[in-house]
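Biologist: Could you take me through the packing and the empty spaces of this protein? I would like short answers with reasons.

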Amino acid sequence: MNILTMKNVKKSFGGTEVLRDISLTVEEGQVLAIIGPSGSGKSTLLRCATLLTEMTDGSLSYLGEPAAQSVGGRAVYADKARLKKARSVFGLVFQNFNLFPHYSVLKNLTDAQITVLGRPRENAEAKAMALLEKMGLADKAGAYPFQLSGGQQQRVAIARALAMDPRILFFDEPTSALDPELTGEVLRIIRELALEKMTMVIVTHEMAFARDVADRVIFMDGGVIVEEGSPEQVIGHPQQARTRQFLQRYSEN
(Lines give C-alpha, C1' and ligand atoms only; values in the text may rest on other atoms or scores of the structure.)
Protein backbone atom coordinates (compact mmCIF):
# COMPACT_ATOMS: atom_id res chain seq x y z
CA MET A 1 0.00 0.00 0.00
CA ASN A 2 1.21 3.53 -0.81
CA ILE A 3 1.31 5.64 2.33
CA LEU A 4 2.49 8.78 0.50
CA THR A 5 2.04 9.82 -3.14
CA MET A 6 3.38 13.10 -4.55
CA LYS A 7 2.86 13.92 -8.23
CA ASN A 8 4.34 16.70 -10.39
CA VAL A 9 5.18 18.81 -7.35
CA LYS A 10 6.46 22.31 -8.03
CA LYS A 11 7.40 25.00 -5.56
CA SER A 12 8.54 28.54 -6.28
CA PHE A 13 9.56 31.23 -3.82
CA GLY A 14 9.08 34.51 -5.66
CA GLY A 15 10.60 33.88 -9.08
CA THR A 16 12.87 31.07 -7.88
CA GLU A 17 11.82 27.52 -8.74
CA VAL A 18 12.96 25.32 -5.86
CA LEU A 19 11.10 22.14 -6.86
CA ARG A 20 10.54 21.38 -10.54
CA ASP A 21 8.10 18.58 -11.21
CA ILE A 22 8.91 15.98 -8.52
CA SER A 23 6.95 12.74 -8.27
CA LEU A 24 7.47 9.98 -5.71
CA THR A 25 5.65 7.29 -3.76
CA VAL A 26 6.47 5.66 -0.44
CA GLU A 27 5.07 2.22 0.30
CA GLU A 28 4.26 0.84 3.72
CA GLY A 29 7.37 -0.49 5.49
CA GLN A 30 9.73 1.25 3.08
CA VAL A 31 12.68 3.48 4.05
CA LEU A 32 13.39 6.22 1.52
CA ALA A 33 16.59 8.27 1.86
CA ILE A 34 16.82 11.62 0.07
CA ILE A 35 20.35 12.85 -0.57
CA GLY A 36 21.79 15.80 -2.46
CA PRO A 37 23.77 19.02 -2.06
CA SER A 38 22.60 21.98 0.03
CA GLY A 39 20.00 23.99 -1.84
CA SER A 40 18.85 21.05 -3.95
CA GLY A 41 15.28 21.26 -2.59
CA LYS A 42 15.38 18.27 -0.18
CA SER A 43 14.04 20.09 2.87
CA THR A 44 11.47 22.01 0.82
CA LEU A 45 10.19 18.69 -0.54
CA LEU A 46 9.85 17.39 3.02
CA ARG A 47 8.07 20.57 4.12
CA CYS A 48 5.62 20.22 1.21
CA ALA A 49 5.02 16.56 2.07
CA THR A 50 4.27 17.45 5.71
CA LEU A 51 1.99 20.42 4.88
CA LEU A 52 4.35 22.97 6.44
CA THR A 53 4.89 24.63 3.05
CA GLU A 54 2.22 24.93 0.36
CA MET A 55 3.12 23.55 -3.06
CA THR A 56 2.79 25.92 -6.02
CA ASP A 57 1.46 23.04 -8.13
CA GLY A 58 1.12 19.28 -7.87
CA SER A 59 -0.83 16.71 -5.90
CA LEU A 60 -0.28 15.10 -2.52
CA SER A 61 -2.13 12.21 -0.93
CA TYR A 62 -1.87 10.01 2.15
CA LEU A 63 -3.28 6.47 2.09
CA GLY A 64 -4.98 7.34 -1.20
CA GLU A 65 -6.82 10.36 0.26
CA PRO A 66 -5.95 13.65 -1.52
CA ALA A 67 -4.58 16.44 0.68
CA ALA A 68 -3.92 18.62 -2.38
CA GLN A 69 -4.65 18.34 -6.09
CA SER A 70 -3.41 20.15 -9.17
CA VAL A 71 -6.19 22.31 -10.63
CA GLY A 72 -5.43 24.63 -13.56
CA GLY A 73 -1.71 24.75 -12.89
CA ARG A 74 -1.82 25.29 -9.15
CA ALA A 75 -2.16 23.18 -6.01
CA VAL A 76 -5.59 23.33 -4.39
CA TYR A 77 -5.71 22.02 -0.82
CA ALA A 78 -8.44 19.93 0.76
CA ASP A 79 -10.69 21.22 3.55
CA LYS A 80 -9.56 21.45 7.19
CA ALA A 81 -11.04 18.09 8.18
CA ARG A 82 -9.17 16.24 5.43
CA LEU A 83 -5.92 18.03 6.18
CA LYS A 84 -6.28 17.13 9.85
CA LYS A 85 -6.75 13.50 8.81
CA ALA A 86 -3.66 13.69 6.57
CA ARG A 87 -1.60 15.16 9.43
CA SER A 88 -2.58 12.24 11.66
CA VAL A 89 -0.82 9.85 9.25
CA PHE A 90 2.70 11.25 9.65
CA GLY A 91 5.21 12.29 12.28
CA LEU A 92 8.07 14.71 11.74
CA VAL A 93 11.47 14.91 13.42
CA PHE A 94 13.31 18.20 12.85
CA GLN A 95 17.06 18.76 12.80
CA ASN A 96 16.86 21.10 15.80
CA PHE A 97 14.63 18.85 17.94
CA ASN A 98 11.84 21.47 18.42
CA LEU A 99 11.00 20.27 21.94
CA PHE A 100 8.99 22.56 24.20
CA PRO A 101 11.72 23.95 26.52
CA HIS A 102 9.34 24.68 29.44
CA TYR A 103 7.86 21.15 29.38
CA SER A 104 9.44 18.14 31.04
CA VAL A 105 10.40 15.23 28.78
CA LEU A 106 7.28 13.34 29.90
CA LYS A 107 4.98 16.32 29.20
CA ASN A 108 6.62 16.76 25.75
CA LEU A 109 5.54 13.19 24.99
CA THR A 110 2.08 13.19 26.57
CA ASP A 111 0.62 16.61 25.75
CA ALA A 112 -0.36 16.01 22.11
CA GLN A 113 -1.52 12.47 22.86
CA ILE A 114 -4.04 13.92 25.33
CA THR A 115 -5.12 17.05 23.40
CA VAL A 116 -5.00 15.75 19.81
CA LEU A 117 -5.73 12.02 20.17
CA GLY A 118 -7.95 12.35 23.25
CA ARG A 119 -6.00 9.65 25.09
CA PRO A 120 -6.57 9.39 28.85
CA ARG A 121 -3.56 10.76 30.76
CA GLU A 122 -2.79 7.38 32.28
CA ASN A 123 -2.60 5.72 28.85
CA ALA A 124 -0.60 8.62 27.38
CA GLU A 125 1.95 8.41 30.19
CA ALA A 126 2.23 4.62 29.86
CA LYS A 127 2.88 5.01 26.12
CA ALA A 128 5.43 7.78 26.76
CA MET A 129 7.32 5.73 29.35
CA ALA A 130 7.43 2.67 27.06
CA LEU A 131 8.92 4.84 24.29
CA LEU A 132 11.44 6.49 26.62
CA GLU A 133 12.47 3.00 27.73
CA LYS A 134 12.98 2.05 24.09
CA MET A 135 15.14 5.18 23.58
CA GLY A 136 17.21 4.40 26.67
CA LEU A 137 15.86 7.52 28.38
CA ALA A 138 13.41 6.19 30.99
CA ASP A 139 15.40 7.95 33.75
CA LYS A 140 14.97 11.34 32.00
CA ALA A 141 11.16 11.57 32.15
CA GLY A 142 11.28 14.39 34.72
CA ALA A 143 14.17 16.27 33.07
CA TYR A 144 13.83 19.38 30.89
CA PRO A 145 15.30 19.67 27.38
CA PHE A 146 18.13 22.00 28.49
CA GLN A 147 19.35 19.27 30.85
CA LEU A 148 19.83 16.80 27.98
CA SER A 149 22.57 16.36 25.38
CA GLY A 150 21.69 17.01 21.73
CA GLY A 151 21.55 13.28 21.07
CA GLN A 152 19.18 12.74 24.01
CA GLN A 153 16.98 15.63 22.84
CA GLN A 154 16.76 14.12 19.36
CA ARG A 155 15.82 10.72 20.79
CA VAL A 156 13.07 12.43 22.83
CA ALA A 157 11.90 14.13 19.61
CA ILE A 158 11.72 10.72 17.87
CA ALA A 159 9.80 9.27 20.84
CA ARG A 160 7.40 12.24 20.75
CA ALA A 161 6.69 11.63 17.05
CA LEU A 162 6.17 7.89 17.66
CA ALA A 163 3.79 8.57 20.56
CA MET A 164 1.20 9.77 18.02
CA ASP A 165 1.18 6.37 16.24
CA PRO A 166 2.13 7.70 12.80
CA ARG A 167 2.05 5.45 9.74
CA ILE A 168 5.08 7.26 8.30
CA LEU A 169 7.94 9.22 9.93
CA PHE A 170 9.82 12.06 8.24
CA PHE A 171 13.33 13.03 9.33
CA ASP A 172 14.91 16.28 8.14
CA GLU A 173 18.69 15.91 8.55
CA PRO A 174 18.19 14.31 12.00
CA THR A 175 21.90 14.38 12.89
CA SER A 176 23.09 17.66 11.32
CA ALA A 177 22.96 19.54 14.65
CA LEU A 178 24.90 16.81 16.50
CA ASP A 179 28.58 16.11 16.92
CA PRO A 180 29.84 12.76 15.56
CA GLU A 181 29.73 10.99 18.93
CA LEU A 182 26.04 11.79 19.45
CA THR A 183 25.15 11.11 15.80
CA GLY A 184 25.70 7.37 16.33
CA GLU A 185 23.10 7.04 19.09
CA VAL A 186 20.39 8.70 16.96
CA LEU A 187 21.24 6.65 13.86
CA ARG A 188 21.09 3.48 15.99
CA ILE A 189 17.46 4.28 16.93
CA ILE A 190 16.53 4.94 13.29
CA ARG A 191 18.19 1.65 12.29
CA GLU A 192 16.08 -0.17 14.90
CA LEU A 193 12.92 1.46 13.54
CA ALA A 194 13.89 0.33 10.02
CA LEU A 195 14.25 -3.24 11.30
CA GLU A 196 10.75 -2.94 12.80
CA LYS A 197 9.51 -1.98 9.31
CA MET A 198 8.59 1.59 10.25
CA THR A 199 7.85 3.55 7.07
CA MET A 200 10.34 6.44 6.91
CA VAL A 201 11.53 9.26 4.66
CA ILE A 202 14.96 10.50 5.72
CA VAL A 203 16.72 13.56 4.33
CA THR A 204 20.33 12.86 5.27
CA HIS A 205 23.95 13.63 4.51
CA GLU A 206 25.10 10.38 6.16
CA MET A 207 25.92 8.35 3.04
CA ALA A 208 27.01 5.14 4.79
CA PHE A 209 23.83 5.23 6.86
CA ALA A 210 21.64 5.80 3.77
CA ARG A 211 23.36 2.89 2.04
CA ASP A 212 22.84 0.54 5.00
CA VAL A 213 19.30 1.46 6.06
CA ALA A 214 17.35 2.68 3.02
CA ASP A 215 15.38 0.50 0.62
CA ARG A 216 15.36 3.32 -1.93
CA VAL A 217 17.54 6.37 -2.43
CA ILE A 218 16.67 9.57 -4.30
CA PHE A 219 19.45 11.92 -5.35
CA MET A 220 18.19 15.48 -5.84
CA ASP A 221 19.89 18.46 -7.39
CA GLY A 222 18.52 21.75 -8.67
CA GLY A 223 14.98 20.90 -7.61
CA VAL A 224 14.72 17.70 -9.65
CA ILE A 225 15.26 14.00 -9.00
CA VAL A 226 18.48 13.25 -10.87
CA GLU A 227 18.63 9.56 -9.99
CA GLU A 228 16.70 7.06 -7.91
CA GLY A 229 16.92 3.37 -7.16
CA SER A 230 18.30 0.97 -4.58
CA PRO A 231 21.23 2.16 -2.39
CA GLU A 232 23.42 -0.26 -4.33
CA GLN A 233 22.46 1.46 -7.61
CA VAL A 234 22.48 5.11 -6.55
CA ILE A 235 25.31 5.16 -3.98
CA GLY A 236 27.24 2.07 -5.09
CA HIS A 237 27.04 2.41 -8.89
CA PRO A 238 25.55 5.80 -9.85
CA GLN A 239 24.66 6.18 -13.53
CA GLN A 240 24.49 9.97 -13.68
CA ALA A 241 27.64 12.11 -13.82
CA ARG A 242 26.10 14.61 -11.36
CA THR A 243 25.46 11.86 -8.79
CA ARG A 244 29.02 10.53 -9.17
CA GLN A 245 30.43 14.03 -8.75
CA PHE A 246 28.40 14.60 -5.56
CA LEU A 247 29.35 11.24 -4.01
CA GLN A 248 33.01 11.70 -4.91
CA ARG A 249 33.03 15.00 -3.04
CA TYR A 250 31.57 13.20 -0.03
CA SER A 251 34.18 10.46 -0.05
CA GLU A 252 36.92 13.13 -0.17
CA ASN A 253 35.61 14.87 2.98
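The questions below deal with cores, ring pairs, a pocket, a cavity and one strand residue of this predicted model.

Biologist: Which helix gives the largest share of the largest nonpolar core?

Modeller: That core has 48 residues, and Ile 35, Ile 158, Leu 169, Phe 171, Leu 193 and Met 200 touch the most other members. The largest share is 7 residues, from residues 180-195. That segment is helix 6.

Biologist: Which residues does Leu 193 contact, leaving aside neighbours within four places in sequence?

Modeller: Leu 193 is among the core members that touch the most others. Contact here takes heavy atoms within 4.5 Å. The partners are Lys 134, Ile 158, Leu 162, Leu 169, Phe 171, Met 198 and Met 200.

Biologist: How many residues are in the second, separate core?

Modeller: Its members include Met 6, Met 55, Ala 68 and Phe 90. The count for this second core is 33 residues.

Biologist: How are the rings of Tyr 62 and Phe 90 arranged: stacked, edge-to-face or tilted?

Modeller: The model has 4 aromatic pairs. For this one, the ring centres are 5.3 Å apart and the planes meet at 35 degrees. Stacked needs under 30 degrees and edge-to-face over 60. The angle falls in between, so the pair is tilted.

Biologist: How many residues apart in sequence are the parts that this pair ties together?

Modeller: Tyr 62 sits in strand 4, residues 57-62, and Phe 90 in strand 7. Ring pairs also link both of them with Phe 170 in a cluster. The parts tied together by Tyr 62 and Phe 90 are 28 residues apart.

Biologist: Is Phe 90 buried or exposed?

Modeller: Buried means under 20% relative accessible area. Tyr 62 has 2%, so Tyr 62 counts as buried. Phe 90 has 12%, so Phe 90 is also buried.

Biologist: In the pair of Phe 100 and Tyr 103, which residue is partly exposed?

Modeller: The two rings form a tilted pair, 5.1 Å centre to centre with 50 degrees between the planes. Tyr 103, at 18%, counts as buried. At 41%, the partly exposed residue is Phe 100.

Biologist: What is the volume of the largest pocket?

Modeller: Its lining has 22 residues, with Arg 87, Phe 90, Ala 112, Val 116 and Met 164 nearest the centre. Helix 2 (80-87), strand 7 (90-93), helix 3 (105-115) and helix 5 (150-162) each give two or more of them. The lining divides into 14 nonpolar, 4 polar and 4 charged residues. The pocket volume is about 720 Å³.

Biologist: Which element supplies the largest share of the lining of the largest cavity?

Modeller: The search finds 1 cavity of 30 Å³ or more, and the space in it is about 40 Å³. The lining has 10 nonpolar residues, no polar and no charged. Strand 1 (2-13), strand 3 (31-35) and helix 1 (42-49) each supply at least two. The largest share, 3 residues, comes from helix 1.

Biologist: How far apart in space are Val 226 and Ala 241, C-alpha to C-alpha?

Modeller: Val 226 lies in strand 11, residues 224-229, and is partly exposed at 25%. Beyond four places in sequence, its contacts include Gln 240 and Arg 242. Val 226 and Ala 241 are 15 residues apart in sequence, and their distance in space is 9.7 Å.

Notes:
Residues are numbered from 1 along each chain as its sequence is written. This is a predicted model: local features need pLDDT of at least 70, side-chain atom pairs count only at pLDDT 80 or more; totals for chains, interfaces and linings use all residues. Side-chain values use heavy atoms; hydrogens and water are left out. A nonpolar core is a set of buried Ala, Val, Leu, Ile, Met, Phe, Trp, Tyr and Cys residues joined through side-chain atoms within 4.5 Å. Buried means under 20% relative accessible area, exposed over 50%, partly exposed in between (1.4 Å probe, protein chains only). Helices (H or I, at least four residues) and strands (E, at least two) are DSSP runs, numbered from the N terminus. On a 1 Å grid over the protein atoms alone, a cavity is a set of points where a 1.4 Å probe fits but cannot get out, and a pocket is an open set with protein on both sides within 12 Å along at least five of seven lines; lining residues have an atom within 4 Å of a point. Grid points are joined across faces, edges and corners, and a volume is the space filled by probe spheres set on the points. Ala, Val, Leu, Ile, Met, Phe, Trp, Tyr, Cys and Pro count as nonpolar, Asp, Glu, Lys and Arg as charged, and the others, Gly among them, as polar. Rings of Phe, Tyr and Trp (its six-membered ring) pair if their centres lie within 6.5 Å; planes under 30 degrees apart count as stacked, over 60 as edge-to-face and the rest as tilted.
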